[in-house]
Amino acid sequence: MAQKVVVEAMGALLGPYARRTREDVGRWLVEAEVPFSLAEAMRYCVEGGKGVRAALVQMSCEAAGGEIDETVRRAAVAVELIHAYSLVHDDLPGLDDDELRRGRATAHVRFGEAMAVSYTHLRAHETSLHLVCRLLLEK
C-alpha cells in the first residue's frame with residue numbers, strides 16, 4: 001500500500017514536467033531533412049519513457065531559483081535523447097541482446113539490427129549530438 005502511494009505521488013510530481021518534455025521532443029526531435037526511416041526510428045526510441053531525467057533537469061532549475069524557459073526545456077530534451085540513445089545501444093545483440101524495452105520491441109527487433117546500428121546508433125547519435133548543440137544554443 002505504501003509503495004502505491006509513493007508511485008502515485010511521484011507520478012503527480014513528475015507528470016507536468018514529463019508532459020512538457022514529450023511535447024518538446026515532438027517539436028524538436030526530427031528536422032525536415034532527416035530521412036523518414038531514421039525519423040521513425042528516432043521517434044520510436046524516445047517514446048514511452050517516464051521523463052524522470054528531464055524532470056530532474058527542470059526541477060533542479062527551479063530549486064536553484066531559476067525559471068523553466070526554452071533553454072532549460074531544450075536541456076531537458078537533450079538529456080532524454082542521450083538517455084534514449086544509451087538504451088538503444090545497451091539493447092543491441094552484441095551487448096544485452098534485449099528484445100523488449102518499456103514493454104515494446106527494442107529498436108533492433110523492430111527495425112532490424114542493421115537499422116538499429118547504422119541509423120539509430122550511428123546516425124541518430126550524430127543527429128542527437130547535433131540536436132543537443134542546436135537545442136542548447138538556439139532560441
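This briefing describes the salt bridges and a surface patch of the structure shown above. The model is a predicted one, and its side chains form 7 salt bridges in total. Three of the residues involved, D24, R27 and R73, are linked in a network of such bridges.

**Salt bridges within a helix**

- In helix 1, which covers residues 2-28, the side chains of D24 and R27 meet in a salt bridge with an N to O distance of 2.7 Å, and the two residues are 3 positions apart, about one turn of the helix.
- D24 counts as buried at 1% relative accessibility, whereas its partner R27 counts as partly exposed at 48%.
- In helix 4, which covers residues 70-91, E70 and R74 are 4 residues apart and thus separated by about one helical turn, and their side chains meet in a salt bridge of 2.5 Å, N to O.
- Here E70 is partly exposed, with 27% relative accessibility, while R74 is buried, with 6%.

**A salt bridge between two elements**

- The side chains of D91 and R101 meet in a salt bridge of 2.6 Å, N to O; because D91 lies in helix 4 and R101 in strand 1 (residues 100-101), the pair ties together parts that are 10 residues apart in sequence.
- D91 is buried, at a relative accessible area of 3%, and R101 is partly exposed, at 25%.

**A nonpolar surface patch**

- V6, M10 and L13 form a nonpolar patch on the surface, and together they have about 260 Å² of accessible area.
- Within this patch, M10 belongs to helix 1 and is partly exposed, with a relative accessible area of 41%.

Key
Residues are numbered from 1 along each chain as its sequence is written. This is a predicted model: local features need pLDDT of at least 70, side-chain atom pairs count only at pLDDT 80 or more; totals for chains, interfaces and linings use all residues. Side-chain values use heavy atoms; hydrogens and water are left out. Patches are made of residues with over 30% relative accessible area and no salt bridge: like charges are joined within 9 Å, nonpolar side chains (Val, Leu, Ile, Met, Phe, Trp, Tyr) within 5 Å. Accessible areas come from the Shrake-Rupley method with a 1.4 Å probe; for residues, only the protein chains shown count as cover. A salt bridge is a side-chain nitrogen of Lys or Arg within 4 Å of a carboxyl oxygen of Asp or Glu. Buried means under 20% relative accessible area, exposed over 50%, partly exposed in between (1.4 Å probe, protein chains only).
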